[in-house]
Amino acid sequence: MAEVALLGFKPQLVVPGMKAEAAVQFYKAAFGAEEIGRVAHPKRKAEQECPLILSAELKIGSSLILVSDCFDAAGEDSAAAAGGGGIAFRLEAEDVDAAVKKAVAAGAEVMSEVSEEEGSLLGKVKDPFGVVWAIAAVGKKSLEPEA
């Protein structure tokens, strides 16, 4: 069997309730995401304020994610079929506490306060779309200052 070279990984968030645009704006405010590109659904419905998002590519730090609306072939919300649980992401930050506070200020809910786990600082937040984000220190950091 021939070897397959994988060149990268782009997780995709499929946001129920036609709220991908709101999710993109949240990720920009909470995590400093930069929008790299966007592909809109070609059949925009007249009653929609903005087109359905097939994919919005966001850069957070050095990583990329895709965000899209959850809809069926007819362009209707298919959130019921999508579920919505089981998604979590890990972000690495130099200042975990500041990163958690920024996310909360943008509308996230604290799932666990910043604490030391396995020799590294870690805090967890849930965004307004139900996605859990674990925010961890880069490298080994401690709550206790070194003497």
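**Exercise 1. Which side chain meets that of Arg38 in a salt bridge with an N to O distance of 2.5 Å?**

Solution. The model examined here is a predicted one, and the search begins at the side chain of Arg38, which meets the side chain of Glu21 in a salt bridge. As a next step, place the two residues along the chain: Arg38 belongs to strand E2 and Glu21 to helix H1 (residues 20–31), so that the pair links distant parts of the chain, 17 residues apart. To judge how open each residue is, recall that partly exposed covers the range between under 20% (buried) and over 50% (exposed). Arg38 has a relative accessibility of 37% and therefore counts as partly exposed, and Glu21, at 24%, also counts as partly exposed.

Now look for a further partner of Arg38: Glu35 forms a salt bridge with Arg38, with 2.7 Å between the closest N and O atoms. Finally, put the pieces together, for Glu21, Lys28, Glu35 and Arg38 are linked in a network of salt bridges.

**Exercise 2. Determine the order of the strands in the open sheet, and say which strands stand at its edges.**

Solution. Begin with the order, which is E1-E4-E3-E2 in an open sheet of four strands with mixed pairing. Strand E1 (12–15) and strand E2 (34–40) each have a single partner strand, so they stand at the edges, and one side of each is left without a neighbour in the sheet. From one strand to the next, the twist averages 20°.

Then turn to one pair of strands: E2 and strand E3 (residues 53–60) run antiparallel and are joined by six bridges. Within this region, Glu34 stands opposite Lys59 in E3.

**Exercise 3. Work out which residues of helix H3 are buried and which are exposed.**

Solution. First list the buried residues of H3 (residues 96–105), which are Val96, Ala99, Val100 and Ala103. Because they cover an arc of only 100° around the axis, these residues lie on the same side of H3. This fits a general rule: an α-helix has 3.6 residues a turn, so residues three or four places apart point the same way.

Next consider the other side of H3, where Lys101 and Ala105 are exposed; for Lys101 the relative accessible area is 53%. Lys101 also forms a salt bridge with Asp97, the closest N and O atoms lying 3.0 Å apart, and these two residues of H3 are four residues apart, about one turn of the helix.

Last, inspect the ends: at the start of H3, a side-chain oxygen of Asp95 comes within 3.3 Å of the backbone nitrogen of Asp97, while H3 is followed by Gly107, which has a positive phi near 125°.

Definitions and conventions: Residues are numbered from 1 along each chain as its sequence is written. This is a predicted model: local features need pLDDT of at least 70, side-chain atom pairs count only at pLDDT 80 or more; totals for chains, interfaces and linings use all residues. Side-chain values use heavy atoms; hydrogens and water are left out. Buried means under 20% relative accessible area, exposed over 50%, partly exposed in between (1.4 Å probe, protein chains only). The arc is that of the directions from the helix axis to the C-beta atoms. A polar contact is a pair of N or O atoms within 3.5 Å; within protein, one must be able to donate a hydrogen and the other to accept it, and residues adjacent in sequence count only if both atoms are side-chain atoms. Two strands pair if DSSP finds at least two bridges between them. Axes are lines fitted to C-alpha atoms, for helices over the stretch in contact, and angles run from 0 to 180 degrees between N-to-C directions. A salt bridge is a side-chain nitrogen of Lys or Arg within 4 Å of a carboxyl oxygen of Asp or Glu.
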